[in-house]
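Colleague: Could you take me through one part of this model slowly? I would like a close look at a sheet and the charged side chains around it.

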Amino acid sequence: MAPIHEPQTCTYVDWTWSAADRRAVDIREVEKPYAALTDDERDGATGCSICREDQVEIALPGVAPFQICKAVAEDVEAALTRALARGFEIETVTGYRVGRSKGVLDIDGKRTEYSNHSFGLAIDVNAEKNGLYDRCTEFSGECRLVRGGEWRPDAPGGITPDAPLYEELMDMGWKWGGELPGRQKDFMHFSPSGD
């Protein structure tokens, strides 16, 4: 992991997920001194923050550019490039996007923690064929699709444990959201923790 050199200023767009409204609320643009970041605005393990200034752009052939934390960008780009070379089709990748979309709900029904995407420490690949499901301890017709497209594991770009993309990102030490314990399966998602 490359060391992160701190910029002077931190900027980002923040929002909070409202479970009651099923949408992002409290959307705001933030600009503050980088030195004033709080603990919840930094990932202690990597040094990545929710600041745009800690993100870099990755551009793969035929894929719209996306951003990810500069501390992991080289490894992520190499893993995706190897997966492409092995024949895995990548159509879309979403990386950095700030938002409180995980954690317990507060008294108003809003999420309280930043996701791995907020730090540039997660990617969603081919969301249109690798959806996010809830009510899904084990994948079946009982699972409810809540984001992305229906999971199509046999389609080009569908993610399974046999896919080159899965193998390359797991070799890098990341985990797959399709193997999350509990009631959610996020087939598009990879991060250091899987969630």
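Modeller: Here is a walk through one sheet and some of its salt bridges. This is a predicted model, where local features need pLDDT of at least 70 and side-chain atom pairs count only at pLDDT 80 or more, while totals for chains, interfaces and linings use all residues. Residues are numbered from 1 along each chain as its sequence is written, and side-chain values use heavy atoms, leaving out hydrogens and water.

Let's begin with the open sheet, whose 4 strands run in the order β5-β8-β13-β11 with antiparallel pairing. Strands (E, at least two residues) and helices (H or I, at least four) are DSSP runs, numbered from the N terminus, and two strands pair if DSSP finds at least two bridges between them. β5 (93-94) and β11 (175-176) are at the edges with a single partner strand each, so one side of each has no neighbour in the sheet. Strand β8 (residues 123-125) pairs with strand β13 (residues 189-191) over 2 bridges, and Ile123 has Phe190 in β13 as its bridge partner.

Now look at Asp124, which is buried at 3% relative accessibility (buried is under 20% relative accessible area, exposed over 50%, partly exposed in between, with a 1.4 Å probe and protein chains only). Asp124 forms a salt bridge with Arg97 at 3.4 Å, N to O (a side-chain nitrogen of Lys or Arg within 4 Å of a carboxyl oxygen of Asp or Glu). Arg147 also forms a salt bridge with Asp124, with the closest N and O atoms 3.0 Å apart. Arg147 lies in strand β10 (residues 144-147) and Asp124 in strand β8, so this pair ties together parts 23 residues apart in sequence.
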